[in-house]
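Student: Please look closely at a single part of this model. Start with the overall dimensions, then move to the part itself.

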Amino acid sequence: MAAENKPSKQLLSEINKVDPCKMKHVEPVVENSLPSAEAIAQEKTEAELRERISSFDSTKLKHIEPQEKTVLPNQDEIEHEKTEVELRERIGSFSKESLKHTETEEKFVLPTEEDIGKEKTEVELRKSIGEFNKANLNPTQVTEKNPLPSGDVIQQEKTEQELKKGIQGFNRNSLKHTETDFKNPLPTPDVIAAEKGSK
């Protein structure tokens, strides 16, 4: 083991060649991570608790008798349970011989003549649709109709277009200047006399 850990001659030779003046001074750092004050306090508390538990005198404990509490049902729950017990007893002691024999009567509602006629018609229609032969159809030619306007409609549309054109191209300069005459007719003597008489 000592021979294995011993440095080789080459390594020793390389170390001796290094100039000590070129080496940098290094301060050795000794790491010693001490616990924090909080960790120390927590560990101290735990140690005190363990010591108190281990040294605890169990003879100081008081003897306690356990009390079992039974919740009694109220009046409504008692009545409900009593009714259920009575019903079960009556069902269990019921005599089937006290029942009366009855005959089951099966009623069949027959369809009316109107219902039969409707159903027959529907059956015939379905049958005729299912058995319909397309070869019996007659070919038809489709005629597209485009009705042209009559002479009256054309003349009316032409008149409207001329009126619109005449209105749009009307020259206002061709209008003559006119004076507006405001007339305010005065009442006649008869009207004045009639109005005085009514007052």
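Student: What radius of gyration does the chain have, and what would a compact globule of 199 residues have? After that, take a close look at L12 in helix α2.

Tutor: This is a predicted model, in which local features need pLDDT of at least 70, side-chain atom pairs count only at pLDDT 80 or more, and totals for chains use all residues. Residues are numbered from 1 along the chain, and side-chain values use heavy atoms, without hydrogens or water.

The chain has a radius of gyration of 64 Å, against near 16 Å for a compact globule of 199 residues (C-alpha atoms; rule 2.2 Å times the number of residues to the power 0.38). Along the principal axes, its C-alpha atoms fill a box of roughly 150 × 115 × 90 Å. Buried residues (under 20% relative accessible area, 1.4 Å probe, protein chains only) account for 0% of the 199. About 22700 Å² of the chain is exposed (Shrake-Rupley), with 55% supplied by carbon and sulfur atoms.

The chain contains seven helices and zero strands (DSSP runs of H or I, at least four residues, or E, at least two), giving the pattern α-α-α-α-α-α-α along the sequence. Helix α2 covers residues 9-17 and includes L12. At a relative accessible area of 38%, L12 is partly exposed (between 20% and 50%). On the surface, L12 joins L11 and I15 in a nonpolar patch (residues over 30% accessible, side chains within 5 Å). Together, L11, L12 and I15 have about 270 Å² of accessible area.

Technical notes
Patches are made of residues with over 30% relative accessible area and no salt bridge: like charges are joined within 9 Å, nonpolar side chains (Val, Leu, Ile, Met, Phe, Trp, Tyr) within 5 Å. Accessible areas come from the Shrake-Rupley method with a 1.4 Å probe; for residues, only the protein chains shown count as cover. A salt bridge is a side-chain nitrogen of Lys or Arg within 4 Å of a carboxyl oxygen of Asp or Glu.
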